[in-house]
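Colleague: Mind if I quiz you on this model? I'd like to hear the reasoning behind the labels.

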Amino acid sequence: MTRPTLMWLQPGWNLKTTSPATNEDPETGVTLPLRRVKVSGRGLVQAPLWSGFQETTADGGVRDERLCLFSPPCEVLADDEFYSPSGECWQAITDGMPRGIPGQVPEYVAVRVRRAKEKDHAS
């Protein structure tokens, strides 16, 4: 029996994450600097709350925090960035949590994100 694909996730999403700091140069043993890595996949950001509740930050801005689901499951760290197909940037505010059917390989990762309009790409 084949497992159903995650058709409810939208194609065209990208994750910009940093490579792990444990990368070492095989010849010298020196730890290599962090570098940005792009992971292409499928994603989804939950809809905003319909209650009309908005949290205002100390500088008067409105905070827009939601949950992002991304496949393939990979390591997501706080401050990594998700880009939607339309170019919107969602910045991770927590580390990702692999999710799926218990006892099986994870199918996606769930991450709390905030809207980062200053990092949007033109669509």
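Colleague: Let's start with W8. What makes W8 partly exposed?

Modeller: This is a predicted model, and in it W8 has a relative accessible area of 45%. Buried means under 20% and exposed means over 50%, with partly exposed in between. The value for W8 is 45%, so W8 is called partly exposed.

Colleague: And its ring partner, Y108: buried or exposed?

Modeller: Y108 comes out at 17% relative accessible area. The cut-off for buried is under 20%, so Y108 is buried.

Colleague: How many aromatic pairs are there?

Modeller: Two aromatic pairs are counted. W8 and Y108 form one that is edge-to-face, with 5.7 Å centre to centre and 85° between the planes.

Colleague: Why is the pair of W8 and Y108 called edge-to-face?

Modeller: A pair of aromatic rings is described by the distance of the centres and the angle of the planes. Ring centres must lie within 6.5 Å, and W8 and Y108 have theirs at 5.7 Å, so the two rings pair. Planes over 60 degrees apart count as edge-to-face, and these are at 85°, so that is the label.

Colleague: Which parts of the chain does that pair link?

Modeller: Distant ones: W8 sits in the segment before β1, Y108 is in strand β9, and they are 100 residues apart.

Colleague: What is the overall makeup of the protein in strands and helices?

Modeller: The protein has nine strands and zero helices. Read from the N terminus, the order is β-β-β-β-β-β-β-β-β.

Colleague: How do you know that β1 and β2 pair?

Modeller: Pairing takes at least two bridges, and β1 and β2 have eight, in the antiparallel sense, so they pair. For instance, L15 has V39 in β2 as its bridge partner. β2 also pairs with β5 in the antiparallel sense, over four bridges, and there L44 has L69 in β5 as its bridge partner.

Colleague: And where does β7 fit in?

Modeller: Strand β6 (residues 81–83) is joined to β7 by three bridges, and the two run antiparallel. E81 has Q91 in β7 as its bridge partner. β7 also pairs with β9 in the antiparallel sense over three bridges, where Q91 has R114 in β9 as its partner.

Colleague: What lies between β6 and β7?

Modeller: The two strands form a hairpin with five residues between them, and G87 in the turn has a positive phi of about 95°. S84 is found in that loop too.

Colleague: What makes S84 buried, then?

Modeller: Its relative accessibility is 8%. Under 20% is the rule, so S84 counts as buried. Leaving aside neighbours within four places in sequence, S84 is in contact with G12 and W13.

Colleague: Which residues have the most contacts inside the largest nonpolar core?

Modeller: They are W13, F70, V76, F82 and V111, in a core of 13 residues. β1 (10–18), β2 (36–45), β5 (65–71), β7 (89–92) and β9 each supply at least two residues of this core, and β9 gives the most, with three. In soluble globular proteins, nonpolar side chains tend to be buried together.

Colleague: What does F82 touch?

Modeller: Beyond its neighbours within four places in sequence, F82 is in contact with several residues, including W13, F70, V76 and V111. W90 and A92 are also among the contacts of F82. From β7, W90 and A92 point one way and C89 and Q91 the other, and all are buried.

Colleague: One last stop: R115. Why is R115 called buried?

Modeller: R115 is in strand β9 (residues 108–115). Its relative accessible area is 15%, which is under the 20% limit, so R115 is buried.

Colleague: What makes the pairing of R115 and D120 a polar contact?

Modeller: The side chains of R115 and D120 make that contact at 2.8 Å. The cut-off is within 3.5 Å, so the distance fits. A polar atom of the R115 side chain also lies 3.2 Å from the backbone oxygen of C89. Leaving aside neighbours within four places in sequence, R115 is in contact with D64, E88, C89, W90 and D120.

Note on methods:
Residues numbered from 1 in each chain as written. Predicted model: local features only at pLDDT ≥ 70, side-chain atom pairs only at ≥ 80, totals over all residues. Heavy atoms only, no water. Buried < 20%, exposed > 50% of the residue type's maximum accessible area, 1.4 Å probe, protein only. Polar contact = N/O pair within 3.5 Å; in protein donor to acceptor, adjacent residues only side chain to side chain. Contact = heavy atoms within 4.5 Å. Core = buried A, V, L, I, M, F, W, Y, C linked by side-chain atoms within 4.5 Å. Phe/Tyr/Trp six-rings, centres within 6.5 Å; stacked < 30°, edge-to-face > 60°.
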